[in-house]
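Colleague: Could you take me through the ring contacts, the nonpolar core and the hairpin of this model?

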Amino acid sequence: MDKQALRKQYLEERKALSQQAWQAACDSLFEQVKGNAALIGGGPVHIFLPIEKFKEVDTWPIIRWLWHEGIRTMTSVTDTGRGTLSHVWFDDKTHFNTSKWGIPEPVNVPPADPSLCTVIFVPLLVADKHGNRIGYGKGFYDGFLSSLPRSVTKVGLSLLPLVDRPIPEELHDVRLDVVLV
């Protein structure tokens with residue numbers, strides 16, 4: 001099965017999660033992140049902000065925990081016209097607007113350099129045991145991840161179990177170092 005067909009299949013599976021199953025999966029991921037504090041080190045951490053209408057992982061509990069631990073956070077702002085991401089700092093005083101895609105985006109915040117991060121939390125629909133992932137197919141994160149130093153750990157957060165068969169790889173794809181499910 002090609003990536004487009006897999007993308008459609010797993011997007012439907014994620015959308016079909018009950019509220020209870022979605023919340024349980026989000027809670028489990030939060031506990032796994034807290035249990036792997038050594039993975040994060042002292043930060044800073046780059047983390048995606050969830051698109052609620054797509055039932056993405058609720059990263060807000062992770063973000064609040066990072067702040068409680070004194071770890072600085074940054075996120076991406078999408079430039080759909082250029083197909084790129086810019087990166088900004090945000091904290092508990094930051095105000096957000098919602099983009100036309102439903103992405104919370106910080107406003108009036110300073111730019112950030114993601115190469116300073118210890119960890120990048122990456123959104124995905126599903127991943128395999130090799131760290132290959134299926135996202136939304138626009139390539140924003142692959143372009144971003146390919147620009148990072150190898151020392152930055154790329155961690156996927158998945159609401160769905162790892163797939164048994166390898167996900168087809170394309171030349172621009174960047175593998176994750178860790179996938180939490």
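Modeller: The model is predicted, and the answers below go through those topics in turn.

Colleague: How many aromatic pairs are there by the ring-centre rule?

Modeller: Rings pair if their centres lie within 6.5 Å. By this rule the count of aromatic pairs is five.

Colleague: Phenylalanine 90 and phenylalanine 96 form one of the pairs; is that pair stacked, tilted or edge-to-face?

Modeller: The ring centres of phenylalanine 90 and phenylalanine 96 are 6.1 Å apart, with 75° between the planes. Planes over 60 degrees apart count as edge-to-face. The pair formed by phenylalanine 90 and phenylalanine 96 is therefore edge-to-face.

Colleague: Is phenylalanine 96 buried, partly exposed or exposed?

Modeller: Its partner, phenylalanine 90, has a relative accessible area of 3% and is buried. Phenylalanine 96 has a relative accessible area of 29%. Buried means under 20% and exposed over 50%, so phenylalanine 96 is partly exposed.

Colleague: Which residues form an aromatic cluster with Phe90 and Phe96?

Modeller: Phe90 and Phe96 pair with each other edge-to-face. The one cluster that holds them has two further members, Trp60 and Trp67.

Colleague: What separates tyrosine 141 and phenylalanine 144 along helix 5?

Modeller: Tyrosine 141 and phenylalanine 144 form an edge-to-face pair, 5.7 Å centre to centre with 70° between the planes. Both count as buried, tyrosine 141 at 12% relative accessibility and phenylalanine 144 at 5%. Because they are three residues apart in helix 5 (residues 140-146), the separation is about one helical turn.

Colleague: Which ring does the charged end of arginine 72 sit over?

Modeller: A charge sits over a ring if, for Arg, CZ is within 6 Å of the ring centre and within 35 degrees of the ring normal. For arginine 72 the distance to the ring centre is 3.6 Å, and the ring is that of tryptophan 89.

Colleague: Which helix gives the largest share of the largest nonpolar core?

Modeller: That core has 53 residues, and Val33, Ile40, Ile120, Phe121, Leu157 and Leu159 touch the most other members. Leaving out residues up to four places away in sequence, valine 33 touches Ile40, Ile62, Trp65, Phe121, Leu157 and Leu180. The largest share of the core is six residues, from helix 2 (residues 19-35).

Colleague: Which residue in the turn between strand 4 and strand 5 has a positive phi?

Modeller: Strand 4 (residues 95-98) and strand 5 (residues 104-107) run antiparallel, joined by four bridges. One bridge links threonine 98 to proline 104. Five residues lie between the strands of this hairpin, and the one with a positive phi, about 90°, is glycine 102.

Terms used
Residues numbered from 1 in each chain as written. Predicted model: local features only at pLDDT ≥ 70, side-chain atom pairs only at ≥ 80, totals over all residues. Heavy atoms only, no water. Phe/Tyr/Trp six-rings, centres within 6.5 Å; stacked < 30°, edge-to-face > 60°. Buried < 20%, exposed > 50% of the residue type's maximum accessible area, 1.4 Å probe, protein only. Helix = DSSP H or I, 4+ residues; strand = E, 2+ residues; numbered from the N terminus. Core = buried A, V, L, I, M, F, W, Y, C linked by side-chain atoms within 4.5 Å. Contact = heavy atoms within 4.5 Å. Pairing = 2+ DSSP bridges.
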